[in-house]
Each structure stands twice: as structure tokens, then as C-alpha cells.
Amino acid sequence: MVIMTVTSSPTFEPVLARIAEEIGRTPGRGRPADYIPALAACDPRSFGMAVAEPDGTVYGVGDWREPFSTQSITKVFTLALDLAREGDQLWEHVGREPSGNPFNSLIQLEYENGIPRNPFINAGALVVTDRLQTRTGDASGELLGFLRAESGNPDLDFDLDVAASETAHGDRNAALAHFMASYGNIDNPVPVLLDQYFRQCSVTASCADLALATGFLARHGVRADGTRLLSQSEAKQVNAVMLTCGTYDAAGDFAYRVGLPGKSGVGGGIIAVVPGHCTLCVWSPGLDERGNSVAGVAALDRFTTLTGLSVF
């Protein structure tokens, strides 16, 4: 079992401190996701960042222990859990290409006969959650158990107020699910699927929790306890899709600026992976027009610049 520790680092702590100081002086930090009422009250000046090494050692700065709404970040873990169960069969039901459209677009689905472009837009995530639900009977519970185990935090949980808020404003996601069901690409009843999906997106976790939970992707598919979740090839697939599709329709700009596989959520968090070296999570609730944390992208840009750690 890998021991999760917090310690000083001659490498990461000075870098994190410098990034936090620079971010603190940056004006124009974006706006929280006001279309989800439970997220609208978040302070856009909040900022936290954590880095976890493959052995579970974790470093942080700012609000790195402050829980926040993970939202679409959880799509990475649901993808990994389903891919571990069904392998390449999954890719018959969801693509691996950047969308170039907003994350909740209906137009693209009609052009492509109900097959979502990738697993990180809402339609694709609904398909992956549906398939994990078919295989486990409780997709959101499977996800939560995984996150608790990998982070070492048994107190991680759903925020049922956030889930209820998303349910009350979830007509677009319901439309996506029903549309795909009409093409035979959804197995479960749509209300069951939506309940699982909204619970999945409501998980609350900190930067430290998520940096640690993402560690299996830096360890090429190996979990914190040393068991293998994904093959090296499958871990590569997840990282590749994160790089090309993980930040909505800004993935090209994110790859250009940051140069790492990453996945953002409208709660203001972003996870990122340096395979073989470390995993990161940064959180600041102010978003740009594409739904990505303004300070979060800037912080990851500075991290790769200051450390030289990148996949390129």
C-alpha cells in the first residue's frame, strides 16, 4: 500500500509558492458557473493547487485542502472504470475526437447518428456512465468508492444539493440522453441514467484528493495499492483523450499553453498528468467563456514553464 504523506520538497514547493504569488496578482479571474445555482456563489478569487508524486507524496499551496465541486473532472475516472471492464468495445459507442463544439451540443449528435464525439462532452459522458451502470448496477457508487480508495480520504461524498440543482436545470442533458436512446446507444432508463450522472458530477473533493486519485494515470494504470486498473496501453488512451478533448472546445489552446493531458470541470477544477512523474490538480472557480478555470489554466501553464515537465 502506498503511504500518502505531506512533506517539503526542494522542487515543487518553491514552484507552487511562486505560482500562487503570481496568480494572486492577476486581475480578471473569470466568473463562476452561474447556470448551476449551487455553484454561482463561489468566490472567483479562491485558488488552490496540489502536486502528487507517483509514490503518493503530495505538496500543495493556497486552498489545496478546500473541497469543491468536481463536476466534469469525474468523467476521467468513470471512463477509466468502464474501460477497465470492457476494453476497446467501449469505443464502438463513443468516439475519441475533439468536438469543436460546446460540451452540451445537440447538433453534432444528429450528424453522427447518436455516437458522441468523445467521452468528455456531456453526451459522451452520459454514454460512459450508462455503460458503467449496466456493468455495476451503481455507476456513481463505483466512482465514489474508487475516489475514496485512491485519495486515501474515506470522507469524500456526493453533494446532494448540487445534484438536485443540476437535476432541476438538466433539460439539455435529458434531451441528449433521450436522443441517444433513440439510436439505441443508451441501455438504462433515462431517469436512472440522469440520476447516476448528476450524482457523479456532484462529488466534492479537494485538490489534494484529486491529485492523488489521478495518480494511476502517472503510474501507467497502476492503482495506489499496487494493483493494476488499466493496461499501459489503456492508460495511454485515457491520457491521449484528455490531451485532445479534456477542456471542452478549448483543448487545442490548452495543449498549446500547458502541454499536458488535462480535464477541467465547471466547478473550477482542472486535473493534469505528467506520465511517470506526477499528477496535479488546481482549483479556482472563475471560468472563461468556454467553461475552464482562468487561474487554473494560467497556473498549469506556469508550472510546465517553470519545471520543464511536459509531454512534449
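Me: A salt bridge asks for a side-chain nitrogen of Lys or Arg within 4 Å of a carboxyl oxygen of Asp or Glu; in this predicted model, why is Asp82 said to have no salt bridge?

Reply: The nearest side chain of opposite charge, Arg135, is 4.2 Å away from Asp82, and because the cut-off is 4 Å, the pair does not count as a salt bridge, although Asp82 is buried.

Me: What surrounds Asp82, and where is Asp82 placed?

Reply: Asp82 belongs to helix H3, which covers residues 74-86. Leaving aside residues up to four places away in sequence, Asp82 touches Gly87, Leu90, Val128, Arg131, Leu132 and Arg135; Arg135 is thus a contact of Asp82 without being a salt-bridge partner.

Me: How do you know that Cys207 forms no disulfide with Cys281?

Reply: A disulfide requires two cysteine sulfur atoms within 2.5 Å, whereas the sulfur of Cys207 lies 4.1 Å from that of Cys281, its closest cysteine sulfur, and so the distance is too far for a bond. Cys207 is called buried because its relative accessible area is 0%, and the limit for that word is under 20%.

Me: What makes Cys245 unpaired, and is Cys245 buried or exposed?

Reply: The closest cysteine sulfur to that of Cys245 is in Cys201, 17 Å away, which is therefore too far for a bond. With a relative accessibility of 4%, Cys245 counts as buried. The structure as a whole holds zero disulfides.

Me: Why is Asn113 called partly exposed, while Tyr248 is given another label?

Reply: Asn113 has a relative accessible area of 49%, and because partly exposed covers values between the buried limit of 20% and the exposed limit of 50%, that label applies to Asn113. Tyr248, by contrast, has a relative accessible area of 5% and is therefore buried.

Me: What is notable about phi in these two residues, and where do they lie?

Reply: Asn113 is not a glycine, yet has a positive phi of about 55°; Asn113 sits in the loop between helix H4 (107-111) and helix H5 (122-136). Tyr248, also a residue other than glycine, has a positive phi near 60° and is placed in the loop between helix H12 (232-245) and helix H13 (251-257).

Me: How do you know that the span of helix H9 agrees with its number of residues?

Reply: Helix H9 (residues 190-201) has twelve residues, which at 1.5 Å a residue should span 16 Å, and because its end C-alpha atoms are 16 Å apart, the two values agree. The buried residues of H9 include Val190, Leu193, Leu194, Tyr197 and Cys201.

Notes. Residues numbered from 1 in each chain as written. Predicted model: local features only at pLDDT ≥ 70, side-chain atom pairs only at ≥ 80, totals over all residues. Heavy atoms only, no water. Helix = DSSP H or I, 4+ residues; strand = E, 2+ residues; numbered from the N terminus. Buried < 20%, exposed > 50% of the residue type's maximum accessible area, 1.4 Å probe, protein only. Lys, Arg positive; Asp, Glu negative; His and termini not counted. Contact = heavy atoms within 4.5 Å. Expected span 1.5 Å × (residues − 1).
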